[in-house]
Amino acid sequence: MSAATMPRRVLPLIAMLLVLSACYPLTYAPGTPRPKMCDPTDTAVNDGHTASFFANYSVPKGPLSRDDCQTVVSMLNSAADYASQFPTVAAAKAAGWVQATVWTPGQGIHFADPTRLYGPFNYERPNWLQYNGTASTARLVGMMFLVESGAKPPEGFPGANDHWHNHDKLCIDADANPFVIAEHVSDAYCTGIGGVNTVVTGQWMVHAWLPVYAGWEATDIFNNSHPSLN
């Protein structure tokens, strides 16, 4: 049967299926099952790096309301659509992204957009990305939003599950690649390796993992770490 001879009611259905097939796996439309990431099983207040974090988050994570679930999924779809332009380290480097950190177990390698290192928060354009290595073929595994917002984290995503975290000090060499060269070191040690110990408590960040990577389905999409990155 050609398109010209198909019943008119069939064509919109086919068009809808084509659109849905291209959607990010977190798609959630009315009448469809709730995505597991809207009902996290890892509900601990688990993203804190400094004492100031716990002043901002004291309530465990939990199920999102239907409206918040739909909105968060829609926002993450937009973020993932943007990040999909950079599926590998080679693609990120070609677009001007720079390696920001060394390998961190549970988090992989961070690459940053040097034109938007500190935000502002834009869910449609994550400013940091995470990969499973430094090889040119290393794969995208997650996104990170980093925002300079002072003493308080940014509003971020609807609901209460995006627990933003911060750091006390990072040893930074602005001319190095990666430019974050150490953490939790003395000023003297940092200077000795060519960096400057920099207070970064005003910089807040949250990870947003791809929903399935290496067999792990992220039920807490904003988890601090990824068990398959070790």
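This is a guided tour of a predicted model, moving from the whole chain to its disulfides, a small sheet and a few unusual backbone positions.

**The whole chain**

Begin with the entire chain in view and coloured by secondary structure, where 5 helices and 10 strands can be picked out. If you then colour by accessibility, buried residues account for 44% of the 230 residues. The accessible surface adds up to about 11400 Å², and carbon and sulfur atoms contribute 59% of that area. Switching to a contact map, consider the contacts between residues at least 6 apart in sequence: 61% of them join residues at least 24 apart.

**The disulfide between Cys 38 and Cys 69**

Next, select the cysteine side chains and look for the bonded pairs, of which the structure holds 2. Counted along the chain, the bonded cysteines follow the pattern 1-2, 3-4. Centre on Cys 38 and Cys 69, which are joined with an S to S distance of 1.9 Å. Cys 38 sits in the loop between helix H1 (10-21) and helix H2 (51-56), while Cys 69 belongs to helix H3 (residues 66-83), so this disulfide ties together parts that are 31 residues apart in sequence. Looking along the S-S bond, you will find a torsion of about 80 degrees, and the disulfide is therefore right-handed. With a surface displayed, both Cys 38 and Cys 69 turn out to be buried.

**The disulfide between Cys 171 and Cys 190**

Move on to Cys 171 and Cys 190, whose sulfur atoms lie 2.0 Å apart in a disulfide. This pair links distant parts of the chain, with Cys 171 in strand E5 and Cys 190 in helix H5, 19 residues apart. The torsion about the S-S bond of Cys 171 and Cys 190 is about 95 degrees, so this disulfide is right-handed. Cys 171 and Cys 190 are both buried.

**The sheet around strand E5**

Staying with strand E5, now show the backbone of its neighbours: an open sheet of 3 strands runs in the order E6-E5-E7, and the pairing is antiparallel. Strand E6 (180-183) and strand E7 (196-199) are the edge strands, each having a single partner strand, so one side of each has no neighbour in the sheet. Viewed across the strands, the twist averages 35 degrees from one strand to the next. Turn to the pairing of strand E5 (residues 169-172) with E6, which is antiparallel and extends over 3 bridges. To find the register between these two strands, select Leu 170, which stands opposite Glu 183 in E6.

**Backbone positions to inspect**

Most residues other than glycine have a negative phi, and most peptide bonds are trans. The remaining stops depart from that pattern.

From strand E5, follow the chain into the loop between E5 and E6, where Pro 178 is found. The peptide bond between Asn 177 and Pro 178 is cis, with omega about 10 degrees. Continue through E6 to His 184, which occupies the loop between E6 and helix H5 (187-192). His 184 is not a glycine, yet its phi is positive, at about 60 degrees. The relative accessibility of His 184 is 65%, which is why this residue counts as exposed.

For the last stop, go back along the chain to Pro 120, in the loop between strand E2 (109-112) and strand E3 (128-131). Display the backbone from Gly 119 to Pro 120, where the peptide bond is cis and omega is near 5 degrees.

Methods: Residues numbered from 1 in each chain as written. Predicted model: local features only at pLDDT ≥ 70, side-chain atom pairs only at ≥ 80, totals over all residues. Heavy atoms only, no water. Pairing = 2+ DSSP bridges. Helix = DSSP H or I, 4+ residues; strand = E, 2+ residues; numbered from the N terminus. Axes fitted to C-alpha atoms, helices over the stretch in contact; angles between N-to-C directions. Buried < 20%, exposed > 50% of the residue type's maximum accessible area, 1.4 Å probe, protein only. Contact = heavy atoms within 4.5 Å. Areas by Shrake-Rupley, 256 points an atom, 1.4 Å probe, with all protein chains shown as cover. Disulfide = S-S within 2.5 Å.
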